[in-house]
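Visitor: I would like a close look at a single part of this chain, followed by an account of how the rest is arranged. Please take it step by step, and state each criterion as you use it.

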Amino acid sequence: MHHRPFKQVDVFTAHAYRGNPLAVVLDGTGLSTEAMQQFTDWTNLSEATFLLPPTEAGRAAGADYRVRIFCPGRELPFAGHPTLGSCHAWLEAGGQPRTAGQVVQECGVGLVRLRRDGARLAFAAPPLRQSGPLPEADVQLIARGLGVARSDIVAHAWCDNGPNWRGVLLRSAEQVLALRPDGAVLAGLEVGVVAPRGQAGVGRAQGDAEGIAFEVRAFFPGHDGLIEDPVTGSLNAALAQWLIGAGLAPPRYVASQGTALGRAGRVHVEQQGAEIWIGGDSVTCVAGQVLL
């Protein structure tokens with residue numbers, strides 16, 4: 001064990017302690033998978049990341065660094081807030097991208113491109129591994145687990161881009177914020193819930209007085225049952241691909257997440273040609289060393 005550079009970054013917020021925290025070990029060289037998992041579980045955060053040099057194949061393809069992403073109990077091939085937070089920490093620590101204005105991250109799903117938009121970072125949403133409507137049995141189970149009527153779910157889709165999200169669209173943000181999900185019913189499922197904010201309604205979401213078009217909540221299994229994630233980049237990326245592709249969202253919008261947890265996460269979504277970019281601010285809250 002020795003001291004390694006470390007940062008704790010708040011992601012999807014420009015104001016410290018209002019987004020989703022991420023533990024970033026800036027030098028994960030020589031650490032075993034078991035050590036990474038143990039440290040992640042110890043942090044009691046939704047995710048921790050470990051930065052490494054790119055693999056030989058990754059470097060040849062243009063990767064600037066490699067990241068391994070862990071949540072409680074398991075490693076993830078991709079996750080959004082760890083992607084933005086890791087890149088923020090890497091740049092802040094002096095990382096120099098090989099191509100000006102673009103960072104290429106290597107992770108379990110392959111290469112993910114990031115860009116700078118002023119102080120904000122954004123990543124290109126990776127391809128969905130599974131899409132299309134959910135099985136009706138899943139929809140009925142999710143409705144029961146969320147405590148809503150089946151008729152309150154107005155649309156649904158697979159949102160699998162690494163994490164195996166199942167996405168459901170409700171009628172209003174008020175419904176989303178009132179949810180009290182049953183962890184026993186939803187055991188083992190990763191469920192994303194979204195609904196329009198303001199008066200525009202489903203399919204015409206243009207934003208409320210704050211310019212926010214959608215309210216999002218994310219639930220996934222953890223060590224102690226169902227966990228709610230404060231702000232979720234992977235889910236918002238998949239939701240955007242689904243909603244924009246289905247004509248249920250405009251090509252550019254802002255989503256709010258974390259409201260039910262006292263956070264104020266803001267996810268900036270923009271479609272450019274065939275690509276969808278997911279952006280957010282990040283703030284470093286803790287910087288120092290960790291013994292690993």
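Is Ala122 buried or exposed, and what is its relative accessible area?

Guide: Ala122 is buried, with a relative accessible area of 6%, where buried means under 20% relative accessible area, exposed means over 50%, and partly exposed lies in between, using a 1.4 Å probe and protein chains only. Before going further, please note that this is a predicted model, in which local features need pLDDT of at least 70 and side-chain atom pairs count only at pLDDT 80 or more, while totals for chains, interfaces and linings use all residues. Residues are numbered from 1 along each chain as its sequence is written, and side-chain values use heavy atoms, with hydrogens and water left out.

Ala122 belongs to strand β8, which covers residues 120-124; helices (H or I, at least four residues) and strands (E, at least two) are DSSP runs, numbered from the N terminus. When neighbours within four places in sequence are set aside, Ala122 is in contact (heavy atoms within 4.5 Å) with Leu84, with Arg113, Leu114 and Arg115, and with Trp277, Ile278 and Gly279. Its C-alpha lies 14 Å from that of Ala240, a residue 118 positions away in sequence.

Leu84 leads on to Ser282, since Leu84 is also among the residues that Ser282 touches once residues up to four places away are excluded, together with Val9, Asp10, Val11, Thr13, Gly85 and His88. Ser282 sits in strand β17, residues 282-291, and with a relative accessible area of 16% it is buried.

Val11, one of the residues touched by Ser282, also serves as a reference point for Thr232: the C-alpha atoms of Val11 and Thr232 are separated by 9.5 Å, although the two residues are 221 apart along the chain. Thr232 lies in the loop between β13 and α6 (233-245) and counts as buried at 5% relative accessibility. Beyond four places in sequence, Thr232 touches Phe12, Trp165, Ala218 and Gln257, and its side chain is joined to that of Asp229 by a polar contact of 2.7 Å. A polar contact is a pair of N or O atoms within 3.5 Å; within protein, one must be able to donate a hydrogen and the other to accept it, and residues adjacent in sequence count only if both atoms are side-chain atoms.

Strand β13 itself, residues 225-229, contains Glu228, which is buried with a relative accessible area of 17%. The side chain of Glu228 makes a polar contact of 2.8 Å with the side chain of Arg217, and the residues that Glu228 touches, not counting those up to four places away, are Arg217, Ala218, Phe219, Ala260 and Leu261.

A second acidic residue, Glu47, is placed in the loop between α1 and β3 and counts as buried at 9% relative accessibility. Its side chain makes a polar contact of 3.2 Å with the side chain of Ser46, while its contacts beyond four places in sequence include Pro21, Leu22, Ala23, Ile69, Phe70 and Cys71. Its C-alpha atom is separated by 22 Å from that of Trp158, 111 residues apart along the chain.

That loop between α1 (33-43) and β3 (48-52) also holds Asn44, which is exposed at 70% relative accessibility and has a positive phi near 60°. Tyr17, in the loop between β1 (3-11) and β2 (20-25), is likewise exposed, with a relative accessible area of 60%, and its phi is near 75°, again a positive value. For comparison, most residues other than glycine have a negative phi.

Turning to the whole chain, the secondary structure comes to 6 helices and 17 strands, and of the 292 residues, 56% count as buried. Among contacts with a separation of 6 or more, 65% come from residues 24 or more positions apart. The radius of gyration is 18 Å, which agrees with the value near 19 Å that a compact globule of 292 residues would have; this radius is taken over C-alpha atoms, and the globule rule is 2.2 Å times the number of residues to the power 0.38. The C-alpha trace spans about 55 × 40 × 35 Å along its principal axes.
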